[in-house]
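Thanks, everyone. Let me put the model up, and then we can walk through it.

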Amino acid sequence: MGLTVLVVEDEKNLALSLKRFLENKGHETTVCFDGNRGLSQCLEMNPELLLVDCRLPGIGGIELLKKAKAVHPNLYSIVFTAFGSIEDAVEAIKLGSFDYIQKPIDLQRLGQLILKIEETIRLKREIDYYRKREETELVGSSLAMTRVREIIQKLVALPLDKSPPTVLITGETGTGKDVVARLLHRKSSRSDKAFIHVNCISLPENLVEDELFGHEQGAFTGAKNAKPGLMEAADGGTLFLDEIGDFPINLQGKLLTAIESKKIRRLGSVKDREIDLWIIAATNRNLTEKASLGSFRPDLLYRLNVVSIYLPPLRERKEDIAELPNYFLRKYAAHYGKNIQGLEKEVIESFQNYSWPGNVRELSHKIEQAVLWCEDNIISLRHIDAVLKNRFQDNSFFPQPFVDKKELIKWLLNEPFSLKAFEGELIKTALEMTHGNFSQAARLLGVTRDWLRYRIEKKMFDSD
């Protein structure tokens with residue numbers, strides 16, 4: 001993925017050689033030749049990785065590392081030590097250095113350490129991304145939602161540090177299954193550990209095994225380095241298997257074995273690794289029916305369905321519709337810095353007369369759009385009805401002239417959307433219309449599956 005790297009090394013030829021080596025690997029690299037300049041540059045540029053010699057003109061490498069870590073605690077570092085200077089290496093490790101390398105520097109070892117750092121950063125970004133997405137409230141006072149809260153409270157009151165019961169959350173798309181999964185994790189004794197969300201639909205079938213279980217170096221062509229899987233990344237925390245009904249049948253046996261034995265084996269390995277996971281799964285499919293048809297293993301269904309949580313569609317709990325819009329209004333008004341006090345009574349009435357095929361997710365999007373375009377201190381039907389009547393009744397985001405490029409451009413220019421926002425809505429709607437099926441969504445949009453995955457991942461990690 002390429003890192004921003006600062007090299008602080010007083011041997012100029014070595015420093016410049018390291019710069020060439022790192023830039024050839026795709027890393028943006030800056031070089032300093034003394035400790036004082038190195039510290040100043042480190043504090044200014046906030047690199048992701050610091051490569052520093054322990055013995056430098058000016059302040060030494062250990063002092064530089066100590067001061068840099070005080071300002072940038074998440075800084076990764078590798079220190080260079082002279083042969084036999086083990087004291088410097090020990091001190092650097094105590095300060096949180098990722099590792100050390102003795103001179104003369106072995107570039108192959110340096111490259112391997114940097115690859116490990118890249119993988120660690122990637123996993124942390126994924127974990128941070130999903131943590132930021134967490135919803136912390138389960139809104140609704142209907143009997144169904146009250147029952148869900150009771151189940152959650154009973155579950156999280158259990159000692160979940162060892163052998164927690166598996167949970168299966170069922171319900172239509174958009175009912176909030178991911179919200180329940182994150183709420184379970186946040187309220188549990190595992191809340192300070194990783195929460196890894198795996199969308200079983202979005203994983204390419206030929207990569208599912210590698211993504212979940214990882215691989216060893218040389219396990220297959222292109223496996224130049226060992227890589228931990230998502231199950232290892234979630235060790236000690238929670239693994240959320242979203243859309244488990246679409247998990248490949250040929251790998252369900254291996255998943256079942258991992259859940260029951262609490263062990264996984266990386267591709268290309270002969271060694272089992274113990275894991276401690278809380279498994280939460282979710283689906284909008286009828287798994288009992290799929291099991292009867294032979295497309296889902298009954299034993300895996302029984303293993304997952306120790307605790308069952310059902311989320312009814314929004315149309316079956318209309319009493320919650322009066323609460324949900326106000327919750328989302330507060331959330332999005334705060335997010336976008338809008339001073340909006342509430343919704344007109346007619347808005348709630350129109351919501352209660354609508355079937356909400358997209359469930360809570362659709363309602364959330366609708367309120368977000370209304371907040372964006374509202375310039376008053378209250379949301380009225382004029383902020384709502386155009387989209388409700390024209391876009392959602394046929395479950396389509398697009399107007400009829402969509403097939404005509406000139407008409408599409410005219411329509412876009414008259415809509416309060418930027419092209420970037422439109423692309424996001426386009427992808428989001430296509431996935432909702434196809435129930436998260438990447439292949440079908442790609443065909444609907446007229447793009448390749450790989451392009452669709454690339455755009456989603458790009459939006460996940462940068463503002464684009």
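Start with Ser-77. It sits in strand S4, residues 76-81. One word of caution: this is a predicted model.

Is Ser-77 buried or exposed? Ser-77 is buried, because its relative accessible area is 0% and the cut-off for buried is under 20%. What is Ser-77 in contact with, leaving aside neighbours within four places in sequence? On one side of it in sequence, Leu-49, Leu-50 and Leu-65. On the other, Gly-96, Ser-97, Phe-98 and Asp-99.

Compare another serine, Ser-439. That one lies in helix H19, residues 438-445. Ser-439 counts as partly exposed, because its relative accessibility is 27%. Its C-alpha atom is 9.1 Å from that of Leu-452. Those two residues are 13 apart along the chain.

Now step back to the whole chain. We have 20 helices and 16 strands. There are 464 residues, and buried ones make up 50% of them. The accessible surface comes to about 23200 Å². Carbon and sulfur atoms account for 51% of that surface. Next, the contacts between residues at least 6 apart in sequence: 70% of these join residues at least 24 apart.

On to helix packing. Two packed helices are described by the angle between their axes and the distance between the axes. I have two pairs for you.

First pair: H2, residues 35-45, and H3, residues 61-71. Their axes come within 10 Å and cross at roughly 15°. So H2 is roughly parallel to H3, as the cut-off for that is under 35 degrees. The crossing is right-handed. Which residues meet? From H2, we have Gly-35, Gly-38, Leu-39, Cys-42 and Leu-43. From H3, they are Leu-64, Lys-67, Ala-68 and Val-71. By class, this contact has 6 nonpolar, 2 polar and 1 charged residues.

Second pair: H6, residues 143-156, and H7, residues 177-187. Here the axes are 9 Å apart, and the packing angle is about 35°. H6 also passes H7 in a right-handed crossing. H6 contributes Val-148, Ile-152, Gln-153, Leu-155 and Val-156. H7 contributes Val-180, Leu-183, Leu-184 and Lys-187. That contact divides into 7 nonpolar, 1 polar and 1 charged.

Last topic: the backbone. Most residues other than glycine have a negative phi, and most peptide bonds are trans. Three places here deserve a look.

Where is the cis bond? It runs from Lys-103 to Pro-104, with omega near 0°. Pro-104 is in the loop between strand S5, 99-102, and helix H5, 107-132.

Next, Lys-262. It is not a glycine, yet its phi is positive, about 60°. Lys-262 lies in the loop between helix H10, 252-261, and strand S11, 263-264. With a relative accessible area of 34%, Lys-262 is partly exposed.

Then Trp-356. Again not a glycine, and again a positive phi, about 50°. Trp-356 is in the loop between helix H14, 345-352, and helix H15, 359-373. Buried or partly exposed? Trp-356 counts as buried, because its relative accessibility is 0%.

To recap the backbone part: a cis bond leading into Pro-104, a positive phi at Lys-262, and a positive phi at Trp-356. Over to you for discussion.

Notes:
Residues numbered from 1 in each chain as written. Predicted model: local features only at pLDDT ≥ 70, side-chain atom pairs only at ≥ 80, totals over all residues. Heavy atoms only, no water. Axes fitted to C-alpha atoms, helices over the stretch in contact; angles between N-to-C directions. Helix = DSSP H or I, 4+ residues; strand = E, 2+ residues; numbered from the N terminus. Parallel < 35°, antiparallel > 145°, perpendicular 65-115°, else oblique. Left-handed = near helix turned anticlockwise from the far one by under 90°. Contact = heavy atoms within 4.5 Å. Nonpolar A, V, L, I, M, F, W, Y, C, P; charged D, E, K, R; others polar. Buried < 20%, exposed > 50% of the residue type's maximum accessible area, 1.4 Å probe, protein only. Areas by Shrake-Rupley, 256 points an atom, 1.4 Å probe, with all protein chains shown as cover.
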